[in-house]
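Me: I should like to understand how the terms used for contacts in a protein model are justified. Please take me through the reasoning step by step.

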Amino acid sequence: MDSRVLFSKLKDKTLYKLSASGNDFIFLFNFDKEVDADTEGPILARALCRPKFSVSADGFILVEKAENYQVKFAWRFFNSDGSEAEMCGNGARCFARLLFELGLCDKHLIFQTKAGTIKAEIKGKRVKVNLTSPKDLRLNLTIKTERDIYSAHFVNTGVPHLVLFWEDVEQAPVEKLGRILRYHEMFAPSGTNVNFLEVCREEDRTYLKIRTYERGVEGETLACGTGASASAFIAKRLGLVEGEVPVLTRGGEWLTVSVDDEEIFLEGDTRYLFSFKIFDDALL
């Protein structure tokens, strides 16, 4: 597609950038469907999310009207490489914060994703989301690579997540092993996100430290909401944590994950960074 044609659709549009726990996202309202999500969404994601040459972000989100009459809003979510994802926990929290700041919803919001309906509650800068019910739980998997054998666990919290417990997560080979496991044949064809998890115990509490290799970004990110949720869910299933679980992200911020039967709630801070317009089609 000619970038000038796509630029002409954006030149009068306002875009927004928000961040949650080190994940950052660019938002574009697309109520009129002027941007074709299927063909133009991936192009915009790659162009706008590209570091150093553009605005830079982990993901690009089109805000649209829901086709389900019971829900007002929906999204199309694209990773920075242009691939579309069904769900993103931190992106969902930013989505709710943005709509609230613009006066488009009250403190409670329901919106549609490809993973299902998401409920959100805005508490000032903090946002809590009720993720879709976890599915495809597989505990104690044995995963063979060319050099080693790993024990891991798997669950889908809107997107697929593999969880490996690590004695010292600071020393975990996130980039190298994460890339290998992300493309492992066991999770073909769509692949999986890979989480390295350390259970930390202090006198008065137990918390999780996490590092995540994210598919679509194809590298480690400072945080992953669905990854933190998947990790806390599995840790609780294994009897390692209980109640509300504090999760320390790579970016140094804290998320809170609570598991109620088969429901997962994710809560943490969000940041409304800035709005902008594009004046030069060189970005595209």
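Reply: A salt bridge is a side-chain nitrogen of Lys or Arg within 4 Å of a carboxyl oxygen of Asp or Glu. The model shown is predicted, and by this rule the count comes to 22 salt bridges.

Me: What makes D269 and R126 a salt bridge?

Reply: The closest N and O atoms of D269 and R126 are 3.1 Å apart. The cut-off is within 4 Å, so the pair qualifies as a salt bridge. D269 belongs to strand 17 and R126 to strand 8, so the contact ties together parts that are 143 residues apart in sequence.

Me: Why is D269 called partly exposed?

Reply: The relative accessibility of D269 is 29%. Buried requires under 20% and exposed over 50%, so this value falls in between and D269 is partly exposed. R126, at 26%, is partly exposed as well.

Me: Why is E253 called buried or exposed, and what does E253 meet in a salt bridge?

Reply: The side chain of E253 meets that of R271 in a salt bridge, at 2.6 Å from N to O. E253 lies in the loop between strand 15 and strand 16 and R271 in strand 18, so the pair ties together parts that are 18 residues apart in sequence. E253 has 17% relative accessibility, which is under 20%, so E253 counts as buried. R271 has 40%, and therefore counts as partly exposed.

Me: How do you know that E170 and R250 form a salt bridge?

Reply: Their N to O distance is 2.7 Å, and the rule asks for a distance within 4 Å. This pair links distant parts of the chain, 80 residues apart. E170 and R250 also belong to a network of salt bridges with K209, R211 and E220.

Me: Why is the aromatic pair of F154 and F187 called stacked?

Reply: The ring centres of F154 and F187 are 5.5 Å apart, and pairing requires centres within 6.5 Å. The planes are 20 degrees apart, and under 30 degrees counts as stacked, so the name applies. F154 lies in strand 10 and F187 in the loop between helix 4 and strand 12, so the pair ties together parts that are 33 residues apart in sequence. Both F154 and F187 are buried.

Me: What sits over the ring of F154?

Reply: The charged end of R138 sits there, 4.5 Å from the ring centre. For such a contact, the distance must be within 6 Å.

How values were computed: Residues numbered from 1 in each chain as written. Predicted model: local features only at pLDDT ≥ 70, side-chain atom pairs only at ≥ 80, totals over all residues. Heavy atoms only, no water. Phe/Tyr/Trp six-rings, centres within 6.5 Å; stacked < 30°, edge-to-face > 60°. Helix = DSSP H or I, 4+ residues; strand = E, 2+ residues; numbered from the N terminus. Buried < 20%, exposed > 50% of the residue type's maximum accessible area, 1.4 Å probe, protein only. Lys NZ or Arg CZ within 6 Å of the ring centre and 35° of its normal.
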